[in-house]
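Q: I am new to this structure and would like a close look at a single part of it. Please take the ligand and its surroundings, then add a few other local features.

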Amino acid sequence: MDKLSYVSDSPTSSWTTYLRQIDRVAPYLGELTRWVDTLRHPKRALIVDIPLQMDNGTICHFEGYRVQHNLSRGPGKGGIRYHPNVNLDEIMALSAWMTIKCAAVNLPYGGAKGGIRVDPFLLSESELERLTRRYISEIGILIGPQKDIPAPDVGTNGRVMAWVMDTYSMNQGTTVTGIVTGKPIHLGGSLGREKATGRGVFMTGREVAYREGIQIKGSRVAVQGFGNVGSETARLFTEAGALVIAIQDHSASLFNDNGIDLVKLFSWHNRYRKIAGFQGAQEINTDEFWNIQIDIFIPAALEGQITLERAKNLDCKLILEGANGPTYPEADDILNERGIIIVPDVICNAGGVTVSYFEWVQDMASFFWSEDEINLRMDRITIEAMINVWNKSKEKKCSLRTAAYIVACERILMARKDRGIYPG
Ligand code: NAD
């Protein structure tokens, strides 16, 4: 395989994690192995400069990216991340995980991702709007409702997606709602989208817990991240009778052995945008958070959180990867050896892209579905995909992650093979 010249081969980089996941699935792919290098090469990567006039009149430059990893099965699909640590390596890995995810749940999309290296919390609302509009203009040569459809990710939300839709539409001279998903409902957004990722984490977790004889009711749960994904997942587990005893975000780690009162925490978080300072739980340090005895652990923040050391100490039965890429490959091995079951990101957090797909379909048809219809369709797709991956893991005697990659890579590489290489 030719090594890419534009990324580092640091063992802790997200792209390296992804490549090692591909190495693990390759032996299972039979004659499709001939095509597997396709997955090690992103199709396109665009780096853009975003000059921004700040409110105080100074000019700052920000670095933005859009990567289309693989488009063999359809247009690119993937979020836009605003975070100070965003870099090309990370966006490449996130776009590749989107390729795998869309194929694992059988959505007619390829994988893409974008982002800006910026701390959005340091910008005013008008700076954020100007930054978004310039970024979308710069990547406008790649995206389109039939080419590549962005969505929210860490640091972006429905408000940002509205600016994305408007900027693209202004440049096209017509309203193009299908350019982006995760929009506000009144701009062609879909009911159920905001909560879909958390719902998918819960549904896949419940399915696997049932098959492994783990009771949700009364189980002890810890969640890392209290944003879109973590907070909704925590809410659904609480509703199902679990005790969410520990929550960590960027500001603090909280613990309450009797279960954290989420209604009160939501109201605190809505006000302060962080969990630090909440009085309904005891503040603990990061090491304590990672060593608590629990049944279910849900990483729902950023990638690279479950390191080798943490994997040795994690005291749980089941890990539900709400975040993308939270587990390093060597940590994966330790957890597998220890008999801890991991529902991998590419299936666990696919609820968001599934309802994004529904949003795109609804926008194309200009015909909108009820929330019940959306949840019903999403649950069916999610559960079927989870059972398919589960069965594959039993058939091949491998982890759920490798099984999800087998299912996905077979679909992607079949498409690649049958399309052939142009020109031949
Ligand atoms: P978000 O911005 O809404 O929330 C992120 C959360 O992570 C926040 O609570 C933040 O405080 C916390 N966090 C940040 N850095 C942290 C750190 N160092 N330690 C502990 N907590 C930290 O983002 P989100 O949309 O909830 O996304 C979370 C993860 O889920 C990401 O990996 C994202 O790629 C993935 N994901 C999101 C969606 C979606 O629909 N939003 C879909 C699929 C996957």
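By class, how many nonpolar, polar and charged residues does the shell around the ligand have?

A: One point first: this is a predicted model. The shell around the ligand has seven nonpolar residues, 11 polar ones and five charged ones. In total, 23 residues surround the ligand. The nearest of them are Asp-153, Thr-197, Phe-226, His-250 and Asn-324.

Now the polar contacts. Asn-324 is one of the nearest residues, and a polar atom of its side chain sits 2.8 Å from an oxygen atom of the ligand. Val-229 uses its backbone instead: a polar backbone atom there is 2.9 Å from a ligand oxygen. Gly-322 also takes part through its backbone, with an N or O atom 3.4 Å from an oxygen atom of the ligand. How much of the ligand is buried by the protein? Alone, the ligand exposes 830 Å². The protein buries 83% of that area. Two helices each give two or more residues to the shell. They are α5, residues 193-211, and α6, residues 228-239.

Next, a pair of helices. Helix α1 covers residues 14-25, and helix α10 covers residues 329-337. Their axes lie 9 Å apart and meet at an angle of about 50°. That angle is neither under 35 degrees nor within 65 to 115, so α1 and α10 are oblique to each other. On the α1 side, the contact is made by Thr-17, Arg-20 and Arg-24. On the α10 side, Pro-329, Glu-330 and Asp-333 meet them. By class, this contact has four charged residues, one polar and one nonpolar.

Last, some backbone details. Most residues other than glycine have a negative phi, and most peptide bonds are trans. Arg-273 is not a glycine, yet it has a positive phi of about 60°. Arg-273 sits in the loop that runs between α7 (262-272) and β9 (282-284). Ser-366 is not a glycine either, and its phi is positive, about 50°. The loop between α12 (351-365) and α13 (371-396) holds Ser-366. There is also a cis peptide bond, which joins Tyr-422 and Pro-423. Its omega is about -10°. Pro-423 belongs to the segment after α14 (400-419).

Notes:
Residues are numbered from 1 along each chain as its sequence is written. This is a predicted model: local features need pLDDT of at least 70, side-chain atom pairs count only at pLDDT 80 or more; totals for chains, interfaces and linings use all residues. Side-chain values use heavy atoms; hydrogens and water are left out. Axes are lines fitted to C-alpha atoms, for helices over the stretch in contact, and angles run from 0 to 180 degrees between N-to-C directions. Helices (H or I, at least four residues) and strands (E, at least two) are DSSP runs, numbered from the N terminus. Angles under 35 degrees count as roughly parallel, over 145 as roughly antiparallel, 65 to 115 as roughly perpendicular and the rest as oblique. Contact means heavy atoms within 4.5 Å. Ala, Val, Leu, Ile, Met, Phe, Trp, Tyr, Cys and Pro count as nonpolar, Asp, Glu, Lys and Arg as charged, and the others, Gly among them, as polar. A residue is near a molecule or strand if one of its heavy atoms lies within 4 Å of it. A polar contact is a pair of N or O atoms within 3.5 Å; within protein, one must be able to donate a hydrogen and the other to accept it, and residues adjacent in sequence count only if both atoms are side-chain atoms. Accessible areas come from the Shrake-Rupley method with a 1.4 Å probe; for residues, only the protein chains shown count as cover.
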